[in-house]
Amino acid sequence: MEVRKVSIREAKSRIKNDPELSKMLVRSGWREIALDLDGDGSADVSFSSQKAGRKIDTIAIDLSGNGEFNLYLHDFDGNGIPDTVCLVEDGGEEQIVAFGGEVELGFVNLGVRIANLLTAEEFLNRELGISLADLAAYLKLHAAAMLQELEKRGTAEGIEKVYYFLHDAQTYYLATVEGTKPRVRPFGTVLLHDGRLYIMTARTKAVSKQIAENPCAEICASMNGTWIRVSAELVEDNDRNVKVAMLEAAPALKQMYSADDDNMQMLYMKDASAIIQSFTTEPEVIKF
Ligand SMILES: Cc1cc2nc3c(=O)[nH]c(=O)nc-3n(C[C@H](O)[C@H](O)[C@H](O)COP(=O)(O)O)c2cc1C
């Protein structure tokens with residue numbers, strides 16, 4: 001079976017473009033995407049990431065039919081194949097089982113499979129070839145190691161987190177300074193390349209001239225009730241490879257810019273300080 005890892009943005013657009021799936025799309029708390037397959041008003045399967053804007057690495061499934069997500073598939077190593085199954089017990093106690101790369105579930109296929117689901121036991125038997133008792137045994141054996149892995153994953157990669165946030169928010173607002181006045185406008189370009197976080201503009205624009213005069217800038221975006229502010233110095237990078245990477249990442253730009261047009265301008269964030277906040281979580285500060 002083909003297994004492909006998709007970004008939250010791509011998954012959303014695939015769902016929206018699929019009339020059958022789009023009927024099932026529901027809003028669901030912290031989860032970025034949730035589908036209501038049986039039309040009872042509560043989500044049956046959700047696709048989410050542990051970190052804001054990251055690629056999907058958790059698929060949660062409601063096996064009980066009562067709106068509780070009690071089976072999770074995690075992709076710890078990021079290879080697109082869930083490598084653990086985690087079953088949440090009735091009492092809320094979470095246990096985890098490791099399957100290496102053996103469990104393969106495709107994004108689109110999953111919707112079809114889950115629609116035919118009856119019970120947790122059937123799912124495990126039919127799709128994974130194991131019994132609930134097997135699962136429980138595995139859970140007990142591997143829970144500690146998997147929890148450690150979860151913690152490790154949760155702390156790494158600050159710049160990536162900022163990148164995915166801006167990428168998935170699609171639009172962010174860039175504030176610059178002109179003399180003594182603030183100036184702000186919508187932007188959308190963002191690129192993570194060789195450990196630097198870039199945005200793109202045109203030399204002809206006032207924003208470019210403002211940055212040349214004063215490189216201090218601040219960016220703000222919000223998504224699903226969470227917002228980010230990044231303040232940084234914007235530094236020009238004329239490397240042609242970076243421009244090419246930007247055009248490849250956002251091919252629509254090719255209609256207006258080329259790597260050799262002398263107008264396209266790549267700026268990376270230096271001495272950046274980002275803060276990610278929501279009304280319900282502790283602010284997270286990321287420096288890069
Ligand atoms: C959703 C959206 C995204 C945009 N993204 C960019 C961008 O990444 N880079 C850019 O130069 N202009 C972008 N623009 C256009 C700028 O907002 C526009 O050119 C603005 O006037 C530039 O600011 P300035 O007039 O102060 O130079 C975007 C506009 C919209 C509506």
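Student: What makes the approach of Pro 186 to the ligand a polar contact?
Tutor: A polar backbone atom of Pro 186 is 2.6 Å from an oxygen atom of the ligand. A polar contact is a pair of N or O atoms within 3.5 Å (within protein, one must be able to donate a hydrogen and the other to accept it, and residues adjacent in sequence count only if both atoms are side-chain atoms), so this pair qualifies. The model is predicted: local features need pLDDT of at least 70, side-chain atom pairs count only at pLDDT 80 or more, and totals for chains, interfaces and linings use all residues. Numbering runs from 1 along each chain as its sequence is written, and side-chain values use heavy atoms, without hydrogens and water.

Student: Which side chains place a polar atom at 2.8 Å from an oxygen atom of the ligand?
Tutor: Thr 201 does so with a polar side-chain atom, and Lys 205 with an N or O atom of its side chain. Of the 630 Å² of accessible area that the ligand has on its own, the protein covers 62% (Shrake-Rupley method, 1.4 Å probe).

Student: How do you know which residues are around the ligand?
Tutor: A residue counts as near if one of its heavy atoms lies within 4 Å of the molecule. The residues around the ligand include Thr 171, Arg 185, Phe 187, Met 200 and Val 207. By class, the shell has five nonpolar, four polar and two charged residues.

Student: Which element gives the most to the shell?
Tutor: Strand β9 does, with three residues. β9 (181-187), β11 (196-202) and α7 (206-213) each supply at least two; these elements are DSSP runs, helices being H or I of at least four residues and strands E of at least two.

Student: Why are β8 and β9 called paired?
Tutor: Pairing requires at least two bridges found by DSSP. β8 (residues 172-178) and β9 have seven, in the antiparallel sense, and Val 177 stands opposite Pro 182 in β9. The hairpin has two residues between the strands, and Gly 179 takes a positive phi near 65 degrees there.

Student: What makes Arg 203 and Glu 236 a salt bridge?
Tutor: The N to O distance between their side chains is 2.7 Å. The limit is 4 Å between a side-chain nitrogen of Lys or Arg and a carboxyl oxygen of Asp or Glu, so the pair passes. Arg 203 is in the loop between β11 and α7 and Glu 236 in strand β13 (residues 226-236), so the bridge ties together parts that are 33 residues apart in sequence.

Student: How many salt bridges does the structure hold?
Tutor: Six. Among them, Arg 240 and Asp 260 have their closest N and O atoms 2.8 Å apart. That pair links helix α8 (residues 240-249), where Arg 240 lies, to the loop between α8 and β14 (264-278), where Asp 260 lies, 20 residues apart. Lys 254 and Glu 248 also meet in a salt bridge, at 3.2 Å, N to O.

Student: Why is Asp 260 called exposed or buried?
Tutor: Its relative accessibility is 56%. Buried means under 20%, exposed over 50%, and partly exposed in between (1.4 Å probe, protein chains only), so Asp 260 is exposed. Arg 240, at 43%, is partly exposed.

Student: How do you know the class of Ser 46?
Tutor: At 0% relative accessibility, Ser 46 counts as buried. Ser 46 lies in strand β3 (residues 45-48).

Methods: Ala, Val, Leu, Ile, Met, Phe, Trp, Tyr, Cys and Pro count as nonpolar, Asp, Glu, Lys and Arg as charged, and the others, Gly among them, as polar.
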